[in-house]
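The following exercises are to be worked through with the sequence and the model in view. Each task is followed by a solution in steps.

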Amino acid sequence: MSSNEKDKTVSVSVRFDEETHKKLKYVAQYDGRSLNSELLYLAKLYIRKFERDVEKIEIE
């Protein structure tokens, strides 16, 4: 994967119930992150856990 490919981002629309949204915003603010940054952090954390516990994910 080239450096240019690594830098690409995609936009995803996610729906949360109001309580979950408010709690995620609270946690993000507590951690000093935007909601988007918090969600990205949590996604990467989950992927690392999956790869550690289940299998390494190879992206072509």
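A residue is called buried under 20% relative accessible area, exposed over 50% and partly exposed in between, with a 1.4 Å probe and protein chains only. The model is predicted, so local features need pLDDT of at least 70 and side-chain atom pairs count only at pLDDT 80 or more, while totals for chains, interfaces and linings use all residues. Residues are numbered from 1 along each chain as its sequence is written, and side-chain values use heavy atoms, with hydrogens and water left out.

**Exercise 1. Describe the overall form of the protein.**

Step 1. Helices (H or I, at least four residues) and strands (E, at least two) are DSSP runs, numbered from the N terminus. The protein has three helices and zero strands, and its pattern along the sequence is α-α-α.

Step 2. The radius of gyration is taken over C-alpha atoms, and the globule rule is 2.2 Å times the number of residues to the power 0.38. For a compact globule of 60 residues the value would be near 10 Å, but the protein has 14 Å. Its C-alpha atoms fill a box of roughly 35 × 30 × 20 Å along the principal axes.

Step 3. Of the 60 residues, 5% count as buried.

**Exercise 2. Test whether the length of helix α2 agrees with expectation, and examine both of its ends.**

Step 1. The expected span of a helix is 1.5 Å times one less than its number of residues. Helix α2 (residues 18-30) has 13 residues and should therefore span 18 Å; the end C-alpha atoms are 18 Å apart, which agrees.

Step 2. At the N-terminal end, D17 acts as a cap: one of its side-chain oxygens lies 3.2 Å from the backbone nitrogen of E19.

Step 3. After α2 comes G32, with a positive phi near 75°. G32 belongs to the loop between α2 and α3. Its relative accessible area is 68%, so G32 is exposed. The C-alpha atoms of G32 and E19 are separated by 20 Å, at 13 residues apart along the chain.

**Exercise 3. Classify E18, E38 and L45 as buried, partly exposed or exposed.**

Step 1. E18 is in helix α2. Its relative accessibility is 55%, and therefore E18 counts as exposed.

Step 2. E38 is in helix α3 (residues 35-53). Because its relative accessible area is 1%, E38 is buried. From C-alpha to C-alpha, E18 and E38 are 17 Å apart in space and 20 residues apart in sequence.

Step 3. L45 also has its place in helix α3. With 37% relative accessibility, L45 therefore counts as partly exposed.

**Exercise 4. Which contacts does R33 make with E38 and with Y41?**

Step 1. A polar contact is a pair of N or O atoms within 3.5 Å; within protein, one must be able to donate a hydrogen and the other to accept it, and residues adjacent in sequence count only if both atoms are side-chain atoms. The side chains of R33 and E38 make such a contact, at 2.9 Å.

Step 2. A charge sits over a ring if NZ of Lys or CZ of Arg is within 6 Å of the ring centre and within 35 degrees of the ring normal. R33 lies over the face of Y41, at 3.9 Å from the ring centre.
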